[in-house]
Amino acid sequence: MSTVIDSNPLAGRTAVVTGASSGIGEATALRLAGLGATVAVAARRKDNLDALVERIDAAGGTALAVPLDVTDRDAVTAAAERVSAELGRADLVFANAGVQLVSAIDDLQVDDWQRQIDLNITGVMNTIGAFVPHLVAAAEAGGPADLITTSSIAATRVLEKFSVYSGTKAYLSQLTRLLRVELGRKMVRVSTVEPGMVDTELPDHVTDPDASKLMADLISDIDVLSPADVAETVAFIASVPRHVNLTEITILPTQQAI
């Protein structure tokens, strides 16, 4: 991954990254910190968060580990208050936590359906509810303010057996369009990234053999995205001038056809 941003365009900003214990969230936290932001990293796996904070600190950055289950609304609200008290008001929120569980609809994997809805939709809404007041206040104070979510190309592609996962991601992409109307007037930028195949642990949760083969073949046959590729895109969204809102960015491996 070649970085496209230099200097410290995020100096003075306070970022929150959910799903930061691995993959895109981890890479984004590292990149935002490297560009000058103070970063609160949130996820359920505390050991991973502590290791990430150590890496950021060792590189000269500042980070705070916030062990958190984003499906717990009260816990997310408390986390927002803690971030504000210890790091200052958040003005860059990357609601990235999510899960991908793929199955045929008539397999009736209802627990998997609910888990995706809880994390991919409810978890994001809890994050928005807790941090939007902070973002609005940051914008009112004259600074940049960013709400960024992780959607997927599955939001717009017709992929067999991805029905529930795709539905949750389509929700996020449409939510971005709607929230922009409300929050854009308040100078809060709302964006979503829609990655294609990224080499993360997300496919490890997929147990359906057809979907597993599809992902494994992509990783084997083409040069797929790395988490750092997506992280650089998120950083770019947050680094452009305040009056510029990059709203929906699809990020695909050049060779990915589906």
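User: In this predicted model, which residues of α7 are buried?

Analyst: Burial is read residue by residue, and a residue counts as buried when its relative accessible area is under 20%. By that reading P227, D229, V230, A231, E232, T233, V234, A235, I237 and A238 are buried in α7, so that the helix is mostly covered, with 10 of its 13 residues buried.

User: What do the buried residues of α7 pack against?

Analyst: They pack against α1 (23-34) and against the strands β4 (92-95), β5 (146-150), β6 and β7 (248-251). The helix itself covers residues 227-239 and reaches 18 Å from its first C-alpha to its last, which is close to the 18 Å expected at 1.5 Å a residue.

User: How should I read the packing of one helix on another, for instance at what angle α1 and α2 pack?

Analyst: The general idea is to take the angle between the axes, where a value under 35 degrees counts as roughly parallel. Here α1 and helix α2 (residues 46-58) pack at an angle of about 25 degrees, with their axes 10 Å apart, and α1 and α2 are therefore roughly parallel to each other. The crossing in which α1 passes α2 is right-handed.

User: Which residues of α1 and α2 meet?

Analyst: A useful general idea is that an α-helix has 3.6 residues a turn, so residues three or four places apart point the same way. In this case E26, A29, L30 and A33 of α1 meet L52, R55 and I56 of α2, and by class the residues of this contact divide into 5 nonpolar, no polar and 2 charged.

User: How far apart are the axes of α4 and α5, and at what angle do these helices pack?

Analyst: Helix α4 (residues 110-140) and helix α5 (residues 163-184) have axes 9 Å apart and pack at an angle of about 15 degrees, and they are therefore roughly parallel to each other, with a right-handed crossing. Among the residues that make the contact are W113, I117, I121 and V124 of α4, together with Y165, T168, L172 and L175 of α5. Sorted by class, the contact of α4 with α5 has 15 nonpolar, 3 polar and 1 charged residues.

User: Where is K186 placed, and is K186 buried, partly exposed or exposed?

Analyst: K186 lies in the loop between α5 and β6 (189-195), and with a relative accessibility of 45% it counts as partly exposed. Leaving aside residues up to four places away in sequence, K186 touches V136 and A139. The C-alpha atoms of K186 and A137 are separated by 9.3 Å, although these residues are 49 residues apart along the chain.

Technical notes:
Residues are numbered from 1 along each chain as its sequence is written. This is a predicted model: local features need pLDDT of at least 70, side-chain atom pairs count only at pLDDT 80 or more; totals for chains, interfaces and linings use all residues. Side-chain values use heavy atoms; hydrogens and water are left out. Axes are lines fitted to C-alpha atoms, for helices over the stretch in contact, and angles run from 0 to 180 degrees between N-to-C directions. Helices (H or I, at least four residues) and strands (E, at least two) are DSSP runs, numbered from the N terminus. Angles under 35 degrees count as roughly parallel, over 145 as roughly antiparallel, 65 to 115 as roughly perpendicular and the rest as oblique. A crossing is left-handed if the near helix is turned anticlockwise from the far one by less than a right angle, and right-handed if clockwise. Contact means heavy atoms within 4.5 Å. Ala, Val, Leu, Ile, Met, Phe, Trp, Tyr, Cys and Pro count as nonpolar, Asp, Glu, Lys and Arg as charged, and the others, Gly among them, as polar. Buried means under 20% relative accessible area, exposed over 50%, partly exposed in between (1.4 Å probe, protein chains only). The expected span of a helix is 1.5 Å times one less than its number of residues.
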